[in-house]
Amino acid sequence: MALVTGASRGFGEVIASALAEAGASLALLARGKRVLEVARELNAEHGVACRAYRCDVSDAAAVEETVADVIAHCGGLHVVVNNAGINIRGPIEELSLEQFRQVQDTNLTSMWLVCRAAARHLKAQGYGRVINIGSLLSVLGMAERTPYAVSKGGVLQLTRVLALEWARAGVTVNCIIPGMFATELNLPLLDDPEVNAGVVAKVPMGRWGEPREIAGLALFLASDASSYVTGAALTVDGGYRVP
């Protein structure tokens, strides 16, 4: 059983689809009602059990209740994909504290809450695969991105600390570092011809990544093939960080 947050779009939907194709049962979490449609589609296409939860993963009580329901009624829990995320851009002096906190709560606090809710179950069963979706801004700086960069830097540190805490319990925790991908989150960049061209010029492969190109790494980290990989930050960026 795999739990995926932010599963109604972008990386979350792509990873959920890849896991379903591999035969995994799924619990899909998202705030909007589209997650119900995604669950129906994956069930129809792949014939796997797929349950949708409309859950605000920044709400501690909602997360505890949802994870407990997944464990009790969906066949336990073996894989956790923490993907939910938002981005609010702008110079620091033009951003409100509320905006900063909104990004931290959605991108980082949610992961902490989901991991906390799943911890006892994963450790008790002696097995688990936790995959946290970070960003190039987990490891690089970029102007006018203070809320997002701070949150994603925290995601990487959360990954490292939990990898140490859970290593002897048979639970691996890893972080995927996507580069410049053509997701809904990056529409403001994709829709600006000048910015778009500037991004592409910095990518050695000369293009944006397609969300489907992250699926293979997610499947590896969710499988027994990655049994000796934990605390890793694995980059999928078309060579962006090489130069």
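## The exposed side of helix α3

Let's start on the outside: Ala-61, Glu-65, Ala-72 and His-73 are exposed, on the other side of α3 from its buried residues. Keep in mind as you look around that this model is predicted.

## The buried face of helix α3

Turn the helix around and you meet the buried residues of α3, namely Ala-62, Val-63, Thr-66, Val-67 and Val-70. Looking down the axis of α3, these buried residues fall within an arc of 120 degrees, so they line one face of the helix. What lies over them? The cover of the buried residues of α3 includes the strands β1 (2-5), β2 (26-30) and β3 (50-54), along with the helix α4 (97-125).

## Length and ends of helix α3

Helix α3 covers residues 60-73, and at 1.5 Å a residue its 14 residues should span 20 Å. The C-alpha atoms at its ends are 20 Å apart, which agrees.

The N-terminal end of α3 is capped by Asp-59, with a side-chain oxygen 3.0 Å from the backbone nitrogen of Ala-61. Just after α3 comes Gly-75, which takes a positive phi of about 90 degrees.

## A buried serine in a loop

Now for another part of the model: Ser-138 sits in the loop between β5 (128-133) and α5 (146-166). Is Ser-138 buried or exposed? Its relative accessible area is 11%, under the 20% cut-off, so Ser-138 counts as buried.

Leaving aside residues up to four places away in sequence, Ser-138 touches Lys-152, Gly-153, Leu-156 and Ile-177. With Lys-152, a polar atom of the Ser-138 side chain lies 2.8 Å from the backbone oxygen.

Key
Residues numbered from 1 in each chain as written. Predicted model: local features only at pLDDT ≥ 70, side-chain atom pairs only at ≥ 80, totals over all residues. Heavy atoms only, no water. Helix = DSSP H or I, 4+ residues; strand = E, 2+ residues; numbered from the N terminus. Expected span 1.5 Å × (residues − 1). Buried < 20%, exposed > 50% of the residue type's maximum accessible area, 1.4 Å probe, protein only. Arc of directions from axis to C-beta. Contact = heavy atoms within 4.5 Å. Polar contact = N/O pair within 3.5 Å; in protein donor to acceptor, adjacent residues only side chain to side chain.
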